[in-house]
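Hi,

Here is the structure I promised to pass on. Have a look at it first, and my notes follow underneath.

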Amino acid sequence: MNIFSPYEVDMEELLANQESWDIFATKFINLPLNIKNVLSPSSTSDYLKYLSENLNLNNDQSAELSRIIRDVLLGDLFIGEMPQNISDRMKLPPDEAKKVGNLIVSELFGPAIEDIKKLQVEKFPEKINKPIHEKPDLKIEPGINKNNIVDLRNK
Amino acid sequence: MVTKLKKQRLQWLAILFAVVLVLLPTHAAKADCGIWSTSPITDCILEGTSYFIFLLFTLVGNGIAGLVGILYSVINIPVYPSGGIAVIDESWKIMRDFANMFFIVALIMMAFATIFDVLPGAAKYNARALFGRFLLTALLINFSLVIGVLVIQGTQVLSNTFLIAMGDISNQLGQKLNPSLLIPKLTTTTGYAQAVEQGVFKSLISLVFAVILGATFLFSLLTAVIFAFIRIPILWALLVVSPIAWILNIFPSGQGTFSKWWKTFIGWNMFLPIFLFFLYFGLYFLGQQDAVMAAIAEQVKNQNIGEGVPFTFQILFMYIMAGIFLIGGTMVAMKASMFTGTGVVGVAKWSRGVASRRLGLTAMGGAATQRLEQIKQEGLPGGFGQKLYGGQAGLERQTSRWAERFGVRGAGDKQLAKDISFNKEKFKNITDPDELKARMNSGSKQEQLAIREIMRDKGLLDNSELEETYRRYGGNETLAGKQFARSINYDKLSDTERDRWYRQTNDIETKQKIAGIMADKGEFNTIPDIQNALSLYALPVDRANFLKKAGRRITDNRLLKPLMTTGSAQEQLAVREILADRGALNGAELFDTYSLYRTGSKEAVDFGAKIDFGNLSKIDREHWYNNASDIEVKRKVAEVMAEKGDSGILTPTELATAAGAPGSPGALFANDAERIKFIEKAEKKGFMATIYAKSALGIVKDASGTALTTPGAVLRNRVKIMKTSDLAEIGFSGGWDDAAFLNAVQNKLNALQVSQPPIPGGPPTTPGGPPKMPKPGGGEKFKTDLQNAVTDARSLARISALIVP
């Protein structure tokens, strides 16, 4: 098992369970090539190894980081919740978790960011499309005819 | 314009009339021709005739006298008097100064020609060739006027010799050149009348000759006067331009002009002396007429009537001789003085041409000839004219009418066609639609039909006019009517008009033409209509062609389907092809259609080649594979079956059989390369089967050309050369689930990892910078690419299990 590779981190377990493998394999096969090129190559595991060393992560934390990245790339985890997951699952302070999340998005996801966005929109439409802010009430002085006012702010 | 011309002619006539009035003689009235005369009619005829002759002689005589006076004055005009002519002298100076400028040009030209002597054609312009002439011209150009005047004076000396010898030529000619001597010396018209009555002139011919001779003298003198006069301004002009002629002498290309100038100049100078010589000779001859007269009188005085040559005829002969000297003298003077091709003769010819054209004689002559030819061909114009003389066309029409009466079928139609063709040629230049429209209902029947045909050709007839023309031709009853109907462009008519024509004509050819267009345009909406139109055609090929067109417009395949089993094979095929193109035939119907074509024919192969066997069912494909008679079609089916993994071509044995052993009879593939290509089409569905089939056939060779006969060797060879994407596409069954195949892929991965080893990472190259990242080896990259390309989850599991060393 290569704990630094998002593709191989749970490979033995997946291959041992036909159902789990089929789910994972189907998701992987249907990914855009750009995302596959972030998820599976050795350059990703090399980067995560370097990152883990820099952040002084232990093996469990490193493996968990690989799993979080795999889940985001497969569309199983909302990218906006990545810092929270890093913090929770890797037991890191929120600030550091946010910093790790930013590093991964900017340095690892860069070449596939558009495809990742599309995938995330597809998988988590309710989380991406935030509710529209309510229009502020127009304060109208008493005695003024409403028909004579053009509300440019809420136009 | 016409009015202006008429006015000009009237003016000329008025002038001519005035001249004639001046020249007319005065005539005293006599009472002999009157009611008191014993024979008044005879007297009046005699009086009238004598007056006419008297009138003619007087006119000619006065004319000659006048012209002689003018000639005498003109030939005595000095061309260049001793004091010179100011306008000539000054004009010549301007020309000389202008010509002098060209010496600079000549010098530059000589310089360049001498420098570039090697250029072709430059040699004749160099200094060696031109300089001598250049110097001579530079000198003589200043004396060009003097030289010209010397020539003029030289010829004037010659002219003076004759002028002095002749003396007063007007007196001599006036007295001696008198054709009236041919008539008795009577001074009144009554005398002439008496002479006529008394039969002094037994022959009318003598009178006519006398008149002609007088007129000849007159015109001879007129020519001489004109040319003697015009030579003066011409010589002046030649003198003025003489410096230019001289300067042109320097240049090789201008020497021709220089010699032409001299020829013209000498020619115009020599005209007068030569003419005067002949005039002198003529006068000399006339001067001796008394002696000749006396000799003639001596001879005829004792002669009885009817004996020897008559006196009158001898005098007449003498005058003819004198006339020849005078007229011939003018002509010889023109030719001998080198006027031929230089001016005078040309001027004479030109003036004659201009006069003829001016009077419209040339055009009139041409037009008259054309009109005569037209009348010969067409006869006289108008109905009455045609009855009088119908020309060649009339004769032919009459012949055809008689031929009809005698029962010659189509003779009338043939003649009508000929007449119309002739009239079309006649009217072909009429292009104005309004004029054509105006003419289409006027004139003879042939003319109207010709105009209508022209309009039809130009697309100017609407449908009602076309129908009217058709009726005038006789409609269905005549060949001409049928031919007209055939010639209509039905494509331009509306669908209802076309339908009308289709129903009203009974000419099969026309009906077929209209049906063809209607079929093209989809105007046969129902199967009964199509079948009805189909009956117009007898030949299967024509029926099939019609069906091809008409059937395409029937969009409901259910309506068409019944037609694919009726009629000849060609007709069925026509319909079946339409349905096949629309994908409306199932496998069995497609095979039936294919079977209708002649076995092995190009049509059969083309049809088979068009079929998309991938869309047919496995059963239909197998049916085609087992029953198609053409190798091309069978091969195409086999390839599709291999790609699809059809049961008939799936196992190693089936694949090897379909590919055919090298040299086996009826093999679908010509060589091993084609066989390998065919077998590899089955790789996605049964990779290992293709390996066994290829090894069984022994058709794969390694890079050194050695045949690979074991499945293991063939497998390794194939996996080694296959692209990653092709390997990823190989199916799980008979591919990724096969241990031997997986082993071969693992071996390839190992080999790549060895041949392209990974590059390890390292510390940052700059303090605080990013570390040097490691690079994967060839095998690792191969595995990643396989993972990314594969589309089957089970295959992905096998690939993921591959070990990177």
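How many residues of chain B are in contact with chain A, and how many residues of chain A do they touch? Bear in mind that this is a predicted model. In it, 16 residues of chain B are in contact with 18 residues of chain A. On the chain B side, the elements giving two or more residues are helix 40 (778-789) and helix 41 (793-800). As for the chemistry of that side of chain B, nine of its residues are nonpolar, six are polar and one is charged. You will often see the size of an interface quoted as the accessible area lost when the parts come together, but what I have for you here is residue contacts.

Now for chain A. It has nine helices and zero strands, so going from the N terminus the order simply reads α-α-α-α-α-α-α-α-α. Chain A has 155 residues, and 31% of them count as buried. If you take the contacts in chain A with a separation of 6 or more, 58% come from residues 24 or more positions apart.

Two loop residues in chain A caught my eye because of their backbone angles. Most residues other than glycine have a negative phi. Asn56(A), however, has a positive phi, near 55 degrees. You can find Asn56(A) in the loop between helix 4 (42-54) and helix 5 (59-74) of chain A. Is Asn56(A) buried or exposed? Exposed, because it has 7 C-beta neighbours inside 10 Å, and the cut-off for exposed is 12 or fewer.

The other one is Lys91(A), not a glycine either, with a positive phi of about 60 degrees. Look for Lys91(A) in the loop between helix 6 (82-90) and helix 7 (94-108) of chain A. Lys91(A) has 12 other C-beta atoms within 10 Å, and since exposed means 12 or fewer, Lys91(A) counts as exposed too.

Back in chain B, one more residue to click on is Tyr72(B), which lies in helix 2 (residues 40-75). Tyr72(B) has 17 C-beta neighbours inside 10 Å and therefore counts as partly exposed. Which residue 153 positions away in sequence sits 8.8 Å from Tyr72(B), C-alpha to C-alpha? That is Val225(B).

Cheers

How values were computed: Residues numbered from 1 in each chain as written. Chains lettered and ligands numbered in written order. Predicted model: local features only at pLDDT ≥ 70, side-chain atom pairs only at ≥ 80, totals over all residues. Helix = DSSP H or I, 4+ residues; strand = E, 2+ residues; numbered from the N terminus. Buried ≥ 20, exposed ≤ 12 C-beta atoms within 10 Å, placed from the backbone. Contact = placed C-beta atoms within 7 Å. Nonpolar A, V, L, I, M, F, W, Y, C, P; charged D, E, K, R; others polar.
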